[in-house]
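I opened my notebook today to work through one protein chain, writing down each thing as I looked it up. My entries follow in the order in which I went.

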Amino acid sequence: MRVLFWGTPDFAVPPLRALLGEGFDVAGVVTQPDRPRGRSRSRLDPSPVKQVALAEGLPVLQPERPRGDAFLAELRALAPDLSVVVAYGHILPRAVIDLPPLGTLNIHASVLPALRGADPIRAAIRQGFATTGVTIMRMVPALDAGPVLHVLDTPVHADETYGELWARLSELGAQALVEALALLGAGALREAPQDDALATYAPKTEREDARVDWTRPAEDVARAVRAYDPRPGAYSVLRGGEVKLFGARAVPVEERPDAAPGEVVALGAQGLTVKCGEDAVRVSHVQPAGRPRLEAAAWANGRGVELGDVFGAA
């Protein structure tokens, strides 16, 4: 089975390595064009997937957009039996999806039809899912709406950050892909249509989404902080400066239960405690603008943060 692999970021690397490690014939890789990096934007860096492909001697295609007669001709020349897409970064047109005889499969980082869209891992944490997983589905032109072929689920651990869950689901996706292709090769893969009525969506995260809403209950605030750790970082404003927050844990309000949302109600070696709409969160680490992440207690001492200071105030 000749597999054409589509992917761009680090999340797609374990599935590509799994295909190579299991001896699949990888016909080539389609990835995003090299992008400028650094302050001067003068250096072009290849995607993580391209770096693996080059190291393995695989053909690499990097169209600005995956369409057009010339591009389709390049795909046909690779003669794939099947395409596999993992976080490639573009919606594929029908002509591309249908080009391989066995069609096109996609790894999606949720248990569909829940959390269709661009940011399912972050949404699972922010919405307090007890479990999530990865779905191998057959691609169709509609957003994450194709038939489901294989699912592996996993618990979302208490206090798990986006970065930690992202890493686990990347590896789980590699496992699910290998299992699905083994079933496909044996003629034992079964497709199940999704129930569109049960679909939920996880759109791309915008910067404003990461601003902490201190009027929310403490559990919601703590989940929001974990959902943006390590990137882009949940943030708030204190004394006119933005501060990213990490390591938030919901705690009862032991002092000043009448404090306003966003108000600092306790300071100590374990961090700083901030009142929420219900209860409070204790923040262990912060990252002021232009500085590295550091312990909240050290930052509060150096910054002169005091009880009664209010996050979110302009």
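Entry 1. Which residues does F5 touch, if I do not count those up to four places away in sequence? Before looking, I noted that this is a predicted model. I then found that F5 touches A12, P15, L16 and L19, and also G28, V29 and V30. The list goes on with V49, V84 and V86.

Entry 2. I next asked where F5 belongs in the wider packing, and I found it in the largest nonpolar core, which has 65 residues. Together with W214, V281, W299 and F311, F5 is among the members that touch the most others in this core. Helix α6, residues 162–185, gives the core its largest share, namely nine residues. Apart from this core I found another one, made of 15 residues, including V85, Y88, L92 and I97.

Entry 3. I stayed with helix α6 and checked its length against what I should expect. The helix has 24 residues, and at 1.5 Å a residue, counting one less than the number of residues, it should span 34 Å. Its end C-alpha atoms lie 34 Å apart, so the expected span and the model agree. Just after α6 I came to G187, which takes a positive phi of about 70 degrees.

Entry 4. I turned to S284, which I located in strand β14, residues 280–288. Is S284 buried, partly exposed or exposed? Its relative accessible area is 23%, and because buried would require a value under 20%, S284 counts as partly exposed. Leaving aside neighbours within four places in sequence, I listed its contacts as F246, G247, Q270, L294, E295 and A296. I also looked up P232, which is 52 residues from S284 along the chain, and the C-alpha atoms of the two are separated by 17 Å.

Entry 5. Last, I stepped back to the whole chain, in which I counted eight helices and 15 strands. The C-alpha trace spans about 70 × 45 × 30 Å along its principal axes. Of the 314 residues, 49% count as buried, while the chain exposes about 14,700 Å², with carbon and sulfur atoms supplying 51% of that area. Among contacts with a separation of 6 or more, 65% are between residues 24 or more positions apart. For the charges, I noted 34 positive and 39 negative side chains, and the centres of these two sets lie 5 Å apart.

Conventions
Residues numbered from 1 in each chain as written. Predicted model: local features only at pLDDT ≥ 70, side-chain atom pairs only at ≥ 80, totals over all residues. Heavy atoms only, no water. Helix = DSSP H or I, 4+ residues; strand = E, 2+ residues; numbered from the N terminus. Buried < 20%, exposed > 50% of the residue type's maximum accessible area, 1.4 Å probe, protein only. Contact = heavy atoms within 4.5 Å. Areas by Shrake-Rupley, 256 points an atom, 1.4 Å probe, with all protein chains shown as cover. Lys, Arg positive; Asp, Glu negative; His and termini not counted. Charge placed at Lys NZ, Arg CZ, Asp CG, Glu CD. Core = buried A, V, L, I, M, F, W, Y, C linked by side-chain atoms within 4.5 Å.
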